[in-house]
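Biologist: Hi! Could you walk me through this one while I have it on screen?
Modeller: Happy to, let's take a look together.

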Number of protein chains: 2
Amino acid sequence: MASNDPAAPTITNVAALAGVSRATVSRAFSNPRVLRADTVTRVRAAAAELGYVPNPTAQALSTGRHGLLAMIVPDIANPFFPPMIGAAQGRAETAGLALLLGNTDEDPAREHTMVGRLTPQADGFVLAASRMTEKQIRDLAVRRPVVLVNRDVTGIPRVLVDSADGVRATVEHLAELGHTRIAYLAGPARSWANAQRKKAVKRSAERAGIEAIMLPGQVSNYEAGMQAAPALLDSRATAAVAFDDVLAHGVMAGLTQRGVSVPDDISLVGCDDVLKAQVYPALTTVSSHAADAGAAAVDLLLQRLENPEDPDRRVLLGTSLIVRATTARAATGCTTRRPS
Amino acid sequence: MASNDPAAPTITNVAALAGVSRATVSRAFSNPRVLRADTVTRVRAAAAELGYVPNPTAQALSTGRHGLLAMIVPDIANPFFPPMIGAAQGRAETAGLALLLGNTDEDPAREHTMVGRLTPQADGFVLAASRMTEKQIRDLAVRRPVVLVNRDVTGIPRVLVDSADGVRATVEHLAELGHTRIAYLAGPARSWANAQRKKAVKRSAERAGIEAIMLPGQVSNYEAGMQAAPALLDSRATAAVAFDDVLAHGVMAGLTQRGVSVPDDISLVGCDDVLKAQVYPALTTVSSHAADAGAAAVDLLLQRLENPEDPDRRVLLGTSLIVRATTARAATGCTTRRPS
DNA sequence: TTGTATGCGTTATCAT
DNA sequence: ATGATAACGCATACAA
């Protein structure tokens, strides 16, 4: 029945040592302003001497606040998320909160179950690229503050990485290089970011007066990219924008395998800048600032936590084109080489 | 004071509806075997009707078990850790536990503080590549079960990725390719894996009858790799093993920048296989199976949790060489080109 | 400003 | 097999 924690001092021990009541010790930590300054210091000294730390579980039972934030991501192995998680954890830590991490493997059912499992312990949720239904999200939101990342549900605070700027700059960049027919390689169908990027490519191409082809996609990983290479070649586009960097690298591999050179034969642009300049050839990409998104999401959540009546917020984070080594002038004259 | 959870039914409501005492409701969930089968079903039915779920916080306060595992990593942005974290979370989830994640930015002080903050809520710890002192780790271990990953402290259960096999295979591979002078590019000085790999390179080189040069290093990132390129060239080694893949990529960048070609002029091998075959040129590397390590660590922790008297365990995970495209025969005759 | 008393939801001890 | 009740550690309404 007792705590399994050997020799963990409680408020009672501190009270005895400091010669005050347990209520005073409690106040010395949770509401020091109502106490005389010297009692606060006296109590704190006693606490320090014993190594006393308030027990968050007991606090939670009494206040309903657990000091825990939950963050759910669809795939931690996707390099887009780790920086976001790191930033979120750091922000939470600064606010004195700890972070519960859940990985759903893109499975909506698993996400829903996990959220249910965590609800009684978490003060709030950050749902990154959530795959749950709008109804499920709203149901959760009435029980706990929720902040969405890259998912746009009216009435739920959300931070969205707005690819529009970066994609437009990308298309203009490609147009300037003489490309007149470009392709968009889609990512997960349910992904908000995918829908947004697809639309941005389409519109920007119209504006720039060039042709845009939409190539289908389901998942976003290296394998899928490899397999998308033939379709890209068939499309006869001379440049492609991929849903993200991982997909782009897969495409690059598939193309190289078929003797097609990037960027000499086909220009390639990724999204999210997850690999930075860490690989050769360095990928031209649309930077997403995932870490900023993680920090912003936690900030939003903290606001909601201290003021549940906070108005609906929709934070848009900009993106920008980073030109590196996978874009070049459109191949002139000769057609793209095909394997035998 | 009250719970912030709207309309969360408690054991009392269920007891009233089922016409039993609160104790019986409790037993119906935590220890059903001592109850008559029909009462269990009756209570469960009442609970289901109300949507009752046991409150983990209250359980924790009473039992001392929180249903929470904490995992601390030095740098979540390092691609070695995300798969490990994902596997650990999955394993914990299967066991009905949630995962608290902490990121320390390689800062021992921050790690220590974080561990202190989390101790009252976590049932146990997985410390990945911990930077804390041995004493700090032991102190923690008397309060909570602890499992280490890639840190070797006697008496503390630990899982170690044993690079020896993979490194030996690497050195033999290089020797067969005609290399007679190879370099090891070190990583973080306090890293157990670094010490182990360095030693393995040294010994394997001796066995293979070739020369091994140790190049110093402090941190492991792309930048550091770039900056290490000149030293590598100065060493006149024709092949190099880097502490990890990220460092290797940085080195590759630095070399390419100076007009030195990989693998034509210099062969390069990474460690950990964090980028899989996802980049060109695909990196020859020593695979570390980080996900397996994460799963094994949680398994070890679960064992300790149910039996604290479990004997000291030291799990060694093997590694293997994956030959891809960055190793080739030693350049013959001509010396390595240097930039002007 | 500080102390007293009670409740938070559950488990476990001791009865019956 | 089941019920009554005392913890678990803390926060807060109320009293003083």
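Biologist: Which residue of chain B comes closest to the rotation axis?
Modeller: That is Leu100(B), with its C-alpha at 2.2 Å from the axis. Keep in mind that this is a predicted model.

Biologist: And how does chain B lie on chain A?
Modeller: A turn of 180° with a shift of 0.3 Å along the axis lays chain B on chain A, at an RMSD of 0.6 Å. The two copies are therefore related as by a two-fold rotation axis.

Biologist: What about the contact surface, how much of it recurs?
Modeller: Both copies use the same surface: 98% of the contact residues of chain B turn up again in chain A.

Biologist: Nice. On to the DNA, what surrounds strand C?
Modeller: DNA strand C has 27 residues around it, and the closest are Ala23(A), Thr24(A), Ile11(B), Ser26(B) and Ala58(B).

Biologist: Which helices supply that surface?
Modeller: In chain A, helix H2 (22-30) and helix H4 (56-63) each give at least two residues, and so do helix H2 (22-30) and helix H4 (56-63) of chain B.

Biologist: How do the residues near strand C divide by class?
Modeller: There are 13 nonpolar, 12 polar and two charged residues on the surface near DNA strand C.

Biologist: And which residues are closest to strand D?
Modeller: For DNA strand D, they are Ile11(A), Ser26(A), Ala58(A), Ala23(B) and Thr24(B), out of 29 residues that surround it. H2 and H4 of chain A, along with H2 and H4 of chain B, each supply at least two residues there. By class, the surface near DNA strand D has 13 nonpolar, 13 polar and three charged residues.

Biologist: Changing topic, what is the strand order in the sheet of chain A?
Modeller: The order is S7-S6-S8-S9-S10-S12 in chain A, six strands in an open sheet with mixed pairing. Strand S7 (211-215) and strand S12 (320-322) of chain A are at the edges with a single partner strand each, so one side of each has no neighbour in the sheet. From one strand to the next, the twist averages 20°.

Biologist: How do S6 and S8 of chain A run, parallel or antiparallel?
Modeller: Parallel, with four bridges joining S6 (residues 181-185) to S8 (residues 239-242) in chain A. In S8(A), Ala242(A) is the bridge partner of Leu185(A).

Biologist: Which strands does helix H11 of chain A touch?
Modeller: Helix H11 (residues 245-257) of chain A packs on the sheet and touches S6, S8, S9 and S10 of chain A. The direction of H11 makes about 155° with that of S9(A).

Technical notes
Residues numbered from 1 in each chain as written. Chains lettered and ligands numbered in written order. Predicted model: local features only at pLDDT ≥ 70, side-chain atom pairs only at ≥ 80, totals over all residues. Least-squares fit on C-alpha atoms with pLDDT ≥ 70 in both. Contact = placed C-beta atoms within 7 Å. Near = placed C-beta within 6 Å. Nonpolar A, V, L, I, M, F, W, Y, C, P; charged D, E, K, R; others polar. Pairing = 2+ DSSP bridges. Axes fitted to C-alpha atoms, helices over the stretch in contact; angles between N-to-C directions.
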